[in-house]
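Here's a quick briefing to read with the model open beside you. Grab a coffee and have the viewer ready.

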Amino acid sequence: MIDAALEAGGGKEKRLRRLPSRVVVYLLLAGGLFAGQGWQQVWSRMTSGLSIPVARPSSSSLVAAMRRVGPKPLRELFTFLAGPASLSTSQVLRCAGRMVVAIDGTQLPVADTAANWAAYPKPRGGPNGEAGYPMVRVVAIVQAGTRHLIEAVFGADTTGELAYAARLMPALRPGMLLLGGRNFATYAFFTGVAGSGAQFLIRAKAGAGAMKLPVAHCLDDGSYLSTAAGIPVRVIEAVVTITTAADTRTGRYRLITTVLDHRQVPAQQLVELYHHRWEIETAYCELKSTLLGGRVLRGRYPGAVAQELWALLSAYQLLRTAITDAALTRPDVEVGRLSFTTALHTARDQIIHTTEIITATTVDLVGRGGAGQSAARPPDPHQGPGDQTRDLQIPGQDPRGRPAHLPRDPDHHDRVCPVFGVTRVVDVQGRPAESRPSKVISNALSAAFQRWVQRARPLPVGSRAITAR
């Protein structure tokens with residue numbers, strides 16, 4: 001696969017070198033897993049398991065090799081890796097047979113150099129001064145449930161999300177249902193998604209500044225049919241009530257969708273489904289906080305930034321692929337319950353401790369490193385207790401790996417603020433369309449909070465809980 005990416009991206013060397021292009025790509029991928037290390041330190045970790053001694057190149061040699069390869073082969077590699085997960089039907093989130101995906105954008109800081117500043121200008125400063133780093137804007141489509149990357153684009157932060165989203169339209173297909181936030185509630189975006197054959201469920205502004213969507217026909221579930229930019233749509237109005245120990249707050253949601261059949265997918269089901277849009281925020285958190293650790297990208301010129309970012313996205317997708325491969329052995333486990341942090345630590349351990357990686361045997365996408373993610377892997381007798389690689393977290397196990405000398409704090413739950421909410425679909429007059437509460441699945445702000453809710457205050461049958469962001 002890497003050789004094919006190098007061939008397609010024009011990064012294959014024309015003569016035999018001490019740093020072949022394939023090895024440079026391996027180094028860039030490993031750099032995404034060891035974001036806190038310099039390139040020489042990443043090289044040392046990548047080669048520590050080899051049975052033969054390998055000289056460590058100088059920093060200038062590594063940088064020159066990366067310049068020779070360029071960013072295009074890494075873009076081609078991500079293209080090969082991107083796409084939905086291959087899982088059983090019961091493990092994939094679908095809505096009436098449609099694969100659910102989400103779109104959103106985020107920002108990443110890059111090294112503060114003159115070259116980067118020219119390509120990625122700093123955001124406009126506020127009253128406290130200018131921004132610290134130049135920023136690159138990333139916009140992606142993510143599969144809900146598995147958080148696999150379907151496609152991604154990036155560029156200067158001076159260009160808005162909608163402009164980048166237009167470049168993602170070719171990644172949409174018939175049979176997809178796209179979830180999006182209020183920023184994507186525009187007539188041009190609706191037209192682009194509808195033209196791809198996919199359907200959408202977008203939150204729109206309510207109240208002042210809301211889209212003018214005349215009522216064409218009221219439906220039994222409280223939603224109504226209308227048109228937006230000539231596209232037939234269905235509008236759902238919902239009231240969200242959030243209750244905390246301090247007070248109770250009520251907000252109004254307006255969702256616009258091209259799923260018109262209210263009998264096939266009732267409005268209440270779409271309101272509950274919309275919460276999965278936050279899974280792309282979780283994916284960005286995994287990318288920025290777990291992989292990068294909040295650090296700035298290393299690249300000191302635009303080509304290096306693009307190269308490193310494509311490698312980072314590829315490394316993220318490889319970890320996600322390893323997680324879904326492990327989930328194939330446990331069809332009773334939701335993919336979203338498997339720990340991304342544990343998968344990252346496992347991949348790091350496998351890179352450091354893997355031996356005999358130079359072989360003529362053809363391996364699969366995950367390879368020896370991903371095979372180490374299976375839950376029933378026997379321990380390595382040659383490793384000490386502190387060197388054992390980690391397994392993916394399975395529900396029922398302690399996800400935090402609390403050391404024995406740190407007892408559980410029995411009063412920990414007193415420091416958490418429980419949040420309970422009820423969401424109701426209302427008709428155009430604001431009257432409840434149905435009386436039963438709804439469930440918006442929690443974004444898992446903390447495992448301790450979830451356990452506290454279940455243990456300390458079980459909700460009545462039929463009621464649902466949400467957490468406030």
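What follows is a short tour of the model, starting with how far to trust it and ending with single residues.

This is a predicted model, and the mean pLDDT of the protein is 79. The protein has 469 residues, and 47% of them count as buried. The fold is built with 14 helices and eleven strands.

**Confidence**

- Three quarters is the figure to keep in mind here: 75% of the residues reach a pLDDT of 70 or more.
- Residues 359–417 are a stretch to treat with care, with pLDDT below 50. That stretch still has 78 contacts in the model beyond near neighbours in sequence.
- Residues 435–469 also have pLDDT below 50, and there the model shows 67 contacts beyond near neighbours in sequence.
- Where pLDDT is low, the predicted coordinates shouldn't be read in detail.

**The whole protein**

- Take the contacts with a sequence separation of 6 or more: 66% of them join residues 24 or more positions apart.
- About 23,100 Å² of the protein is exposed, and carbon and sulfur atoms supply 54% of that area.

**The largest nonpolar core**

- The largest nonpolar core has 115 residues. Which of them have the most contacts inside it? They are Ile103, Leu172, Phe189, Phe190 and Leu291.
- Helix H11 gives the most to this core, with twelve residues.
- Leu172 touches Val101, Ile141, Leu178, Val193, Ser196 and Ala198, leaving out residues up to four places away in sequence.
- Two of those partners, Val193 and Ser196, are among the buried residues of helix H8, so that helix is worth a look next.

**Helix H8 (residues 187–196)**

- The buried residues here are Phe189, Phe190, Val193 and Ser196.
- Looking down the axis, the buried residues of H8 fall within an arc of 130°, so they line one face of the helix.
- Ala188 and Gly195 are exposed on the other side of H8.
- Right after H8 comes Gly197, with a positive phi near 95°.

**Helix H4 (residues 59–69)**

- Leu62, Ala65, Met66 and Val69 are the buried residues of H4.
- Why do they sit on the same side of H4? They cover an arc of only 100° around the axis, and that puts them there.
- Flip to the other side of H4 and you'll find Ser60 and Arg67 exposed.
- The cover over the buried residues of H4 includes helices H1 (2–9), H2 (21–33), H3 (39–47), H5 (72–81) and H11 (302–327).
- H11 thus turns up twice in this briefing: it helps cover H4, and it gives twelve residues to the largest nonpolar core.
- H4 is followed by Gly70, which has a positive phi near 80°.

**Two charged-type side chains to click on**

- Arg203 is found in strand E6 (residues 199–204). Is Arg203 buried or exposed? At a relative accessible area of 15%, Arg203 is buried, because the cut-off is under 20%.
- Beyond neighbours within four places in sequence, Arg203 is in contact with Gly180, Gly181, Arg182, Ala185, Arg252, Tyr253, Arg254, Leu255 and Tyr274.
- With one of these, Tyr253, Arg203 makes a side-chain to side-chain polar contact at 3.4 Å.
- Arg203 and Ile256 are 53 residues apart in sequence, yet their C-alpha atoms are 6.2 Å apart in space.
- Glu151 is found in strand E4, and counts as buried at 18% relative accessibility.
- Outside four places in sequence, Glu151 touches Arg75, Phe78, Val139, Ala140, Ile141, Leu168 and Ala171.

**Positive phi without a glycine**

- Ala96 has a positive phi, near 55°, though it isn't a glycine. Look for Ala96 in the loop between strand E1 (94–95) and strand E2 (98–109).
- Ala96 counts as partly exposed, at 39% relative accessibility.
- Arg147 is not a glycine either, and its phi is positive at about 60°. Its place is the loop between strand E3 (135–143) and strand E4 (149–156).
- Arg147 counts as buried, with a relative accessibility of 9%.

Definitions and conventions
Residues are numbered from 1 along each chain as its sequence is written. Side-chain values use heavy atoms; hydrogens and water are left out. pLDDT is the predictor's confidence in each residue, from 0 to 100. Contact means heavy atoms within 4.5 Å. Buried means under 20% relative accessible area, exposed over 50%, partly exposed in between (1.4 Å probe, protein chains only). Helices (H or I, at least four residues) and strands (E, at least two) are DSSP runs, numbered from the N terminus. The arc is that of the directions from the helix axis to the C-beta atoms. A polar contact is a pair of N or O atoms within 3.5 Å; within protein, one must be able to donate a hydrogen and the other to accept it, and residues adjacent in sequence count only if both atoms are side-chain atoms. A nonpolar core is a set of buried Ala, Val, Leu, Ile, Met, Phe, Trp, Tyr and Cys residues joined through side-chain atoms within 4.5 Å. Accessible areas come from the Shrake-Rupley method with a 1.4 Å probe; for residues, only the protein chains shown count as cover.
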